[in-house]
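The following exercises invite the reader to study one molecular structure step by step. Each task is followed by a worked solution.

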Amino acid sequence: MQKDSKIYIAGHRGLVGSALVRELLAQGYTNLVYRTHAQMDLQNQAAVEEFFACERPEYVFLAAAKVGGILANSTYPADFIYSNLSIQNNIISLAHKYQVKKLLFLGSSCIYPKNCPQPIKEEYLLTGELEPTNDAYAIAKIAGIKMCQAYNKQYGTDFISVMPTNLYGPNDNFDLNSSHVLPALMRKFHEAKVNKQDKVVVWGTGKPIREFLYADDLAAACVYLMNSYSDDKIVNIGTGIGITIKELAEAMAKVVGFEGQLEFDTTKPDGTMVKINDVSYLKTLGWQAKIELITGLQMAYKWYLENVDEAN
Ligand code: GDP
C-alpha cells in the first residue's frame with residue numbers, strides 16, 4: 001500500500017475496524033474511506049455497489065461482521081449466518097468487480113473444529129465437527145475464506161484471510177447478553193466495585209482456556225500482512241498463550257480493583273474447552289504480538305472508564 005492509496009475499512013467503528021483506522025493513521029496512511037451503518041447497510045448489495053462505483057477503493061479491510069459471545073451466537077444463529085454471509089458476499093464480489101488491488105478478510109479462530117488438537121494450526125480447518133454454540137457464524141466465516149480463495153483461483157484476485165483469536169480493546173461490545181467474556185467481566189467487575197457488591201458471577205466452570213489479543217496488535221498484524229503477504233493459505237493471528245477463564249477473572253479483578261469473591265454459574269455453557277491459535281506460521285512471516293495481557297487489560301479498562309456511558 002502507498003501512503004496515499006485509497007483504503008476502505010469496512011466496520012470502522014467496531015473493535016477491529018477502529019483499531020485498523022488508528023494503526024493506518026499512525027503509520028501515515030492518508031486516504032482512508034469508510035461509512036457508518038446508517039450511511040450504508042452492508043447487507044444491501046445495491047448500496048454497497050454504489051459505494052464501490054463511486055469511491056473505487058484500492059485496498060479493502062473486511063472487518064465488518066455481526067459478532068457476539070457464546071449466548072448471542074447460540075440464541076440468534078439465523079441472524080449470525082444471514083448477516084455475515086450477506087456482508088461478505090457483497091464486499092468480496094464487488095471488490096472483484098471494481099478491481100480492488102487487495103482485500104483482507106477477517107475470520108475467527110472459532111471456525112476450527114471443536115475437538116481439533118491444540119494449539120490450532122491453520123491446516124485443521126474443515127477436518128472435523130464445529131462447536132455447536134457458534135456453528136452458524138463459523139459456517140459463514142468459512143464461506144468467506146472459501147470465497148476469497150475461489151476468486152483468487154478463478155479471477156486471479158489478491159484476497160487474503162486471517163484468523164484472529166479472541167480480541168479485546170476500545171469499542172468492544174460491553175452488553176452482557178451478547179458480549180464475549182473479557183469485556184463482560186470488565187463491566188461486571190467495574191459495576192460490582194462501584195456498587196460495592198461482594199461477589200461477581202462468572203459463567204461456566206472457569207476451566208475453559210482462551211487466548212486474548214489486544215485489538216491494536218491485531219491491526220498491526222493485518223497492516224503488516226496486507227503489505228507483505230499474498231497467498232491462499234489462511235494465517236492465524238494471536239499470542240499463542242492461553243489462560244483459564246478463572247485466571248482471566250482474577251487478572252481482571254486486579255486491574256479493575258474489585259476485591260470480592262468470584263462465583264461460577266455452571267448452568268451457563270463452557271463452550272469449547274481449549275482454544276489457542278498456533279501462531280508459528282505468522283512468526284515465520286515475520287510478525288509477533290507485542291502487548292502483554294496485563295498491559296492490554298489496563299489500556300482497555302482505561303478506555304472503558306473514559307467511555308463508560310457510550311460503551312455500555
Ligand atoms: P467463546 O470463546 O466463543 O466460547 O465465547 P465467550 O467469550 O462468550 O466465552 C468464553 C468462555 O467464558 C465461556 O466458557 C463462557 O462460559 C465464559 N464466561 C464466563 N463469564 C462470562 C460472561 O460474563 N460472558 C461471556 N460471554 N462468557 C463468559
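**Exercise 1: Asparagine 73**

Asparagine 73 has its place in helix α3, which covers residues 70-75. The structure is a predicted model.

*Task.* Determine whether asparagine 73 is buried or exposed, and state which residues it touches.

*Solution.* Step one takes the relative accessible area of asparagine 73, which is 5%. Step two applies the cut-off: a residue is buried if this value is under 20%. Asparagine 73 is therefore buried. Step three lists its contacts: leaving out residues up to four places away in sequence, asparagine 73 touches Gly68, Phe80, Thr133, Asn134 and Tyr137.

**Exercise 2: Proline 57 and serine 280**

*Task.* Classify proline 57 and serine 280 by accessibility, and describe the surroundings of each.

*Solution.* Begin with proline 57, which lies in the loop between α2 and β3. Its relative accessibility is 2%, so proline 57 counts as buried. Beyond its neighbours within four places in sequence, proline 57 is in contact with Lys6, Tyr8, Phe52 and Val100. Serine 5 is 52 residues away from proline 57 along the chain, yet their C-alpha atoms are separated by 8.1 Å.

Turn next to serine 280, found in helix α9 (residues 280-284). Here the relative accessible area is 38%, and serine 280 is therefore partly exposed. Serine 280 lies 44 residues from asparagine 236 in sequence, and the two are 8.6 Å apart in space, C-alpha to C-alpha.

**Exercise 3: Strand β1 and the largest nonpolar core**

*Task.* Describe the two faces of β1, its pairing with β2, and the core to which β1 contributes.

*Solution.* First, consider the faces. Ile7 and Ile9 on one side of β1 and Tyr8 and Ala10 on the other are all buried, and both faces are thus covered. Second, consider the pairing: β1 and β2 (residues 32-33) are parallel and share two bridges. Tyrosine 8 stands opposite valine 33 in β2.

Third, consider the core. The largest nonpolar core holds 36 residues, and those with the most contacts inside it are Tyr8, Leu42, Phe52, Ile91, Ile92, Leu103 and Tyr112. Elements giving two or more residues to this core include β1 (7-10), α2 (45-55), α4 (77-97) and α5 (135-155). The largest share, six residues, comes from α5.

Finally, take leucine 42 as an example. Not counting residues up to four places away in sequence, leucine 42 touches Tyr8, Ala10, Val48, Ala64, Ser86, Ile87, Asn90 and Ile91. Apart from this core lies another, of 35 residues, among them Met1, Ala215, Tyr229 and Val235.

**Exercise 4: The packing of α2 and α4**

*Task.* Characterise how α2 and α4 cross, and state which residues meet.

*Solution.* Two packed helices are described by the angle and the distance between their axes. The axes of α2 and α4 come within 10 Å and cross at roughly 35 degrees, and the crossing is right-handed. On the α2 side, Gln45, Val48, Glu49 and Phe52 take part; they meet Asn90, Ile91, Ser93, Leu94, Ala95 and Lys97 in α4. By type, the residues of this contact are five nonpolar, three polar and two charged.

**Exercise 5: A three-stranded sheet**

*Task.* Which strands are the edge strands of the open sheet that contains β8?

*Solution.* Start from the strand order, β11-β8-β13, with mixed pairing. The edge strands are β11 (243-244) and β13 (274-275), each of which pairs on one side only. Strand β8 (residues 209-210) runs parallel to β13, and two bridges join them. Isoleucine 209 has valine 274 in β13 as its bridge partner.

Technical notes. Residues are numbered from 1 along each chain as its sequence is written. This is a predicted model: local features need pLDDT of at least 70, side-chain atom pairs count only at pLDDT 80 or more; totals for chains, interfaces and linings use all residues. Side-chain values use heavy atoms; hydrogens and water are left out. A nonpolar core is a set of buried Ala, Val, Leu, Ile, Met, Phe, Trp, Tyr and Cys residues joined through side-chain atoms within 4.5 Å. Buried means under 20% relative accessible area, exposed over 50%, partly exposed in between (1.4 Å probe, protein chains only). Helices (H or I, at least four residues) and strands (E, at least two) are DSSP runs, numbered from the N terminus. Contact means heavy atoms within 4.5 Å. Axes are lines fitted to C-alpha atoms, for helices over the stretch in contact, and angles run from 0 to 180 degrees between N-to-C directions. A crossing is left-handed if the near helix is turned anticlockwise from the far one by less than a right angle, and right-handed if clockwise. Ala, Val, Leu, Ile, Met, Phe, Trp, Tyr, Cys and Pro count as nonpolar, Asp, Glu, Lys and Arg as charged, and the others, Gly among them, as polar. Two strands pair if DSSP finds at least two bridges between them.
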